[in-house]
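Please take a moment with the sequence and the structure shown here before reading on. The paragraphs after them go through strand pairing and then turn to a single residue.

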Amino acid sequence: AIYPNPTSSILNIENAENATIKIYDLLGRLILTKSNISTHEKINVSNLNTGTYIIQFKNENIFATDKFIISK
């Protein structure tokens, strides 16, 4: 789960323990990678431009993608 969506500064991630997350822009460019995230992780996205992004979660049990929006 990711929230709030849209966000302006912090993206909360839940239930993705020990996952690696990757954030991509809509052109497919890798923006951010973070490994071994905790069950309740907070990602600071305030330095990213306004727009829509794709977040990818991957660990030994899951592979999932979702979209989130940054609005300022």
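What follows is a walk through some of the strands of this model, which is a predicted one.

A good place to begin is the open sheet of three strands, whose order is β1-β2-β5 and whose pairing is antiparallel. In this arrangement β1, covering residues 2-3, and β5, covering residues 40-44, stand at the edges, and because each has a single partner strand, one side of each is left without a neighbour in the sheet. The pairing of β1 with β2, the strand formed by residues 10-14, is antiparallel and rests on two bridges; here Y3 lies opposite N12 of β2.

A further antiparallel pair is made by β3 (residues 20-25) and β4 (residues 30-34), which four bridges join. Within this pair, K22 has T33 of β4 opposite to it. The two strands, β3 and β4, form a hairpin with four residues between them, and in the turn G28 adopts a positive phi of about 90°.

The last stop is I69, a residue of strand β7, which spans residues 63-70. Is I69 buried or exposed? The answer lies between the two words, because the relative accessible area of I69 is 38%, whereas buried means under 20% and exposed means over 50%; I69 is therefore partly exposed. Leaving aside residues up to four places away in sequence, I69 touches N5, P6 and T7, and also G51 and T52. As for I31, that residue and I69 are 38 residues apart in sequence, and their C-alpha atoms are 14 Å apart in space.

Conventions
Residues are numbered from 1 along each chain as its sequence is written. This is a predicted model: local features need pLDDT of at least 70, side-chain atom pairs count only at pLDDT 80 or more; totals for chains, interfaces and linings use all residues. Side-chain values use heavy atoms; hydrogens and water are left out. Two strands pair if DSSP finds at least two bridges between them. Buried means under 20% relative accessible area, exposed over 50%, partly exposed in between (1.4 Å probe, protein chains only). Contact means heavy atoms within 4.5 Å.
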